Amino acid sequence: MGLIRLRAIALDLAILAGHLVLYPTGVLPERPPAPPPPDAAARLPTDGRARRPVVLLHGFIDNRSVFVLLRRTLRRHGRQHVEALNYSPLTCDLRTAAALLARHIEEVCARTGHSQVDVVGHSLGGLIARYYVQRLGGDHRVHSLVTLGTPHAGTRSAPLLSAHPLVRQMCPDSEVIAELRRPAPECRTRMISFWSDADQLMIPAETARIDHPDVISRNIRVSGVGHLALPVHSAVAAGVLAALDAADETPDRTPAEAPDTFSVA
C-alpha cells in the first residue's frame, strides 16, 4: 500500500472521528428560511439576477452535517441559497429518496423564484440525484449535478454490507444501475463527477466516473483523498465551486470534456 493511500486512510479516520461529534447536529431536518413578505414577490431572485440555489445530498447512513465546510465555501463565494436535504436511513429504495428529492427541489424553486437548482451529492446521495435527473425528469430542474465519490457503475464493496436494500442497489448488477445505463438522449443536466484514486469504498476506483454517451459529463480525478474526506476537503470544495462556475459558462450542449486531475497529497 502506497504512502499516499496510507495518508488518505489516516485522514479518513480523523474525519470520521470529527464527524461523529458533528453528526447529532444534523439529525433533524433543516429548517427552511422564513417565507418572504407578500410584497417581496417581485424581489425574489431570478436566474438572471442571482446564482441558482444549491441543494446538498448526503451519503448512506449520514446526514446534512457532513456538508458544514462545503456549505461555508459555497456561501462565501456568492451562492446565497444553499440547503441540505436529509433522507431517512430507514429508506429502503433509492427511488423513494429520489422522489423525496424531487419534491424538495420543487419547494426550493417555488420559495426562491428560480426555475433551476444545482445539486451536490456525496456517495449514495449523488446516485439518488442522478436517478432523479435521468429517470424522473429532473433534468428540467437541475442545471448541474456534482457527485463526490458516487458509485455510478456500482461498487464491488457494497456486498460487504448487502443486508440493507439501499446498499444492494449500489452493486454493479442492481436494477438501479441497469436503469441508469439506459439511453437518456434528452437529458439536459450537466454532470461533474469527482472521483478519487484513494477512495476505499469505490471498487474499482473508476466506478465513480460518469461514462454515459447521452450525458453531458466531466470527470475530475482527485489524488490522495479518501471517501469520507471528499465532502470536507478544502481543495475539493474549491473544485466543486470552480466546476459549478464553469458549467455556467458553457453552451447548452457540449461534448464531454477531457478528465481533469488534481492532487492534494
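Contacts between residues distant in sequence dominate the predicted model: of the contacts in the protein chain with a separation of 6 or more, 82% join residues 24 or more positions apart. The secondary structure of the chain consists of 7 helices and 7 strands, which follow one another along the sequence in the pattern α-β-α-β-α-β-α-β-α-α-β-β-α-β. Of the 265 residues, 52% count as buried. The protein chain exposes about 12,200 Å², and carbon and sulfur atoms supply 60% of this area.

In soluble globular proteins, nonpolar side chains tend to be buried together. In the present model, the largest nonpolar core comprises 34 residues, of which L101, I105 and I128 touch the most other members. Two or more residues of this core come from each of β1 (54-57), α3 (94-112), β3 (117-122), α4 (124-135), β4 (142-148), α5 (165-168) and α6 (175-181). Among these elements, α3 gives the most, with 8 residues. When neighbours within four places in sequence are left aside, I128 is in contact with L57, Y87, L94, A97, A98 and L101. Apart from the largest core lies another, of 24 residues, whose members include L70, V82, I192 and A229.

I192, a member of this 24-residue core, is located in strand β5, which spans residues 190-196. Its relative accessibility is 5%, and I192 therefore counts as buried, the cut-off being under 20%. Beyond the neighbours within four places in sequence, the contacts of I192 are with S144, L145, V146, T147, R218, I220 and A243. One of these residues, A243, is separated from I192 by 51 residues in sequence, yet the two C-alpha atoms are 7.2 Å apart in space.

The cysteines were also examined with respect to disulfides. A disulfide is a covalent bond between the sulfur atoms of two cysteines. With a cut-off of 2.5 Å between cysteine sulfur atoms, the count for the model comes to 0 disulfides. C92 and C171 fall into separate classes of accessibility: C92 counts as partly exposed because its relative accessibility is 46%, whereas C171 counts as buried because its value is 8%.

Terms used: Residues are numbered from 1 along each chain as its sequence is written. This is a predicted model: local features need pLDDT of at least 70, side-chain atom pairs count only at pLDDT 80 or more; totals for chains, interfaces and linings use all residues. Side-chain values use heavy atoms; hydrogens and water are left out. Helices (H or I, at least four residues) and strands (E, at least two) are DSSP runs, numbered from the N terminus. Buried means under 20% relative accessible area, exposed over 50%, partly exposed in between (1.4 Å probe, protein chains only). Contact means heavy atoms within 4.5 Å. A nonpolar core is a set of buried Ala, Val, Leu, Ile, Met, Phe, Trp, Tyr and Cys residues joined through side-chain atoms within 4.5 Å. Accessible areas come from the Shrake-Rupley method with a 1.4 Å probe; for residues, only the protein chains shown count as cover.
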